[in-house]
Amino acid sequence: MGGGQIAFIVFLFILVVVILSSISVVRQANAYIIERLGTYNSTWRVGLHFKMPVIDKIVKRVSLKEQVADFPPQPVITKDNVTMRIDTVLFFQITDPKLYTYGVENPIAAIENLTATTLRNIIGELELDQTLTSREIINAKMRATLDEATDPWGIKVNRVELKNIIPPAAIQEAMEKQMKAERERREQIIRAEGEKKSAVLVSEGQKEAKILKAEADKQAAILAAEAEKQAAILAAEADREARIKRAEGEAEAIVNVQKATAEGIRLVNESAPTEQVLRIKTLEAFTKAADGKATKLIIPSDIASVAGLVSAVTETVKTSENNEN
């Protein structure tokens, strides 16, 4: 192989290397800044690109993804002259690679300083208590200010978050004591409310119990009165029934006695007793009366009048029977 062939192979190899080095592939979410002879030429987006050897140069590779910048704590002073330290987290995205490349020398350092000054300005208008309770307001104000300030640099500030707020040790201790006192106060309030509710429930229960007892006593009294009333009614009805039955029995006995008397008189009349028999029966009746326990015995002066009385009675019975017939 002669020297000319070797030179050709070397030249061919160098040419291949130059061509390959001039071909570039831009990946997703990236952009390349191209300068030609030291002057901005173009911005390469995603895809296959070819640059002029030696003349064109990739001066910056820019990531278009959202990025996070965590800045160290910055000392700030509140409106009521309390010094505290606050560290912030910044979420940003590069929207214009050219402005990002040529707008500012060190974009991250510029954003960090801009964040510190903006935070001092906002916190300087707030008191300590407002600073601790107004994170959302502070975040919104900082995002608006930083987004406007970084727009010429091709940067879009999406979010700003206060990561930590570190007050002085004395303030932190006082806040802990205050929080402890507040918790104790709330605990006492909750306990008092619980005791109050418990007392109310107990009194309500006693009230309900008394009402129920009164209602029960009332119902018992009503039922007792109703029972007594029913008992009295039943007793009266029973007494009335007994009287009716007794009266009916007495009436029936009287009727039976009258019937027996009438039957006896009828039998006497049917037997047609003589005057001598009547007198004998009269004497027998007086004898039985004398044998009784009576201490006094009245004997008519004329015993014959008794027989006359019996005869009169016999005639009256006969007359009654004839009228019935």
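Ala29 sits in the loop that joins strand E1 (23-26) to strand E2 (30-36). The model is predicted. In it, the phi of Ala29 is near 65°. That is a positive value, and Ala29 is a residue other than glycine. Follow the chain from Ala29 to Val46, 17 residues apart. The C-alpha atoms of these two residues are separated by 7.4 Å. Ala29 also touches Val46. Its other contacts, leaving aside residues up to four places away in sequence, are Val62, Ser63, Leu64 and Lys65.

A second loop offers a similar backbone feature. Asn81 lies between strand E7 (74-77) and strand E8 (83-94). Its phi is positive, at about 60°, although Asn81 is not a glycine. Is Asn81 buried or exposed? The relative accessible area of Asn81 is 67%. The cut-off for exposed is over 50%, so Asn81 counts as exposed.

Now step back to the whole chain. The secondary structure of the protein chain comes to eight helices and nine strands. The protein chain has 325 residues, and buried residues make up 21% of them. Consider next the contacts with a separation of 6 or more. Residues 24 or more positions apart account for 63% of these.

Two of the helices deserve a closer look. Helix packing is described by the angle between the two axes and the distance between the axes. Helix H3 covers residues 107-123, and helix H5 covers residues 135-150. They pack at an angle of about 140°. Their axes are 10 Å apart. How should that angle be named? Roughly antiparallel would need an angle over 145 degrees, and roughly perpendicular runs from 65 to 115. The angle of H3 and H5 fits neither class, so the two helices are oblique to each other. Their crossing is right-handed.

Which residues make the contact? From H3 come Ile111, Leu114, Thr115, Thr118, Leu119, Ile122 and Ile123. From H5 come Ile138, Lys141, Met142, Thr145, Leu146, Ala149 and Thr150.

Take Thr150 from that list. This residue lies in helix H5. Its relative accessible area is 0%. Buried means under 20%, so Thr150 is buried. Thr150 touches Ile111 and Leu114, which are both among the H3 residues of the helix contact. Thr150 also touches Ile155 and Val157, again not counting residues up to four places away in sequence.

Turn to the aromatic rings. The structure holds one aromatic pair. The rings of Tyr40 and Tyr102 form it, with their centres 5.9 Å apart. Their planes stand at 80°. Planes over 60 degrees apart count as edge-to-face, so this pair is edge-to-face. Where do the two residues lie? Tyr40 is in strand E3 (residues 39-44), and Tyr102 is in helix H2 (residues 97-102). The pair therefore ties together parts that are 62 residues apart in sequence. Tyr40 has 28% relative accessibility, and Tyr102 has 38%. Values between 20% and 50% count as partly exposed, so that term applies to Tyr40 and to Tyr102.

Other rings have a charged side chain over them. Arg61 lies over the face of Tyr32, at 4.9 Å from the ring centre. Arg159 lies over the face of Phe91, at 4.3 Å from the ring centre.

Terms used
Residues numbered from 1 in each chain as written. Predicted model: local features only at pLDDT ≥ 70, side-chain atom pairs only at ≥ 80, totals over all residues. Heavy atoms only, no water. Phe/Tyr/Trp six-rings, centres within 6.5 Å; stacked < 30°, edge-to-face > 60°. Helix = DSSP H or I, 4+ residues; strand = E, 2+ residues; numbered from the N terminus. Buried < 20%, exposed > 50% of the residue type's maximum accessible area, 1.4 Å probe, protein only. Lys NZ or Arg CZ within 6 Å of the ring centre and 35° of its normal. Axes fitted to C-alpha atoms, helices over the stretch in contact; angles between N-to-C directions. Parallel < 35°, antiparallel > 145°, perpendicular 65-115°, else oblique. Left-handed = near helix turned anticlockwise from the far one by under 90°. Contact = heavy atoms within 4.5 Å.
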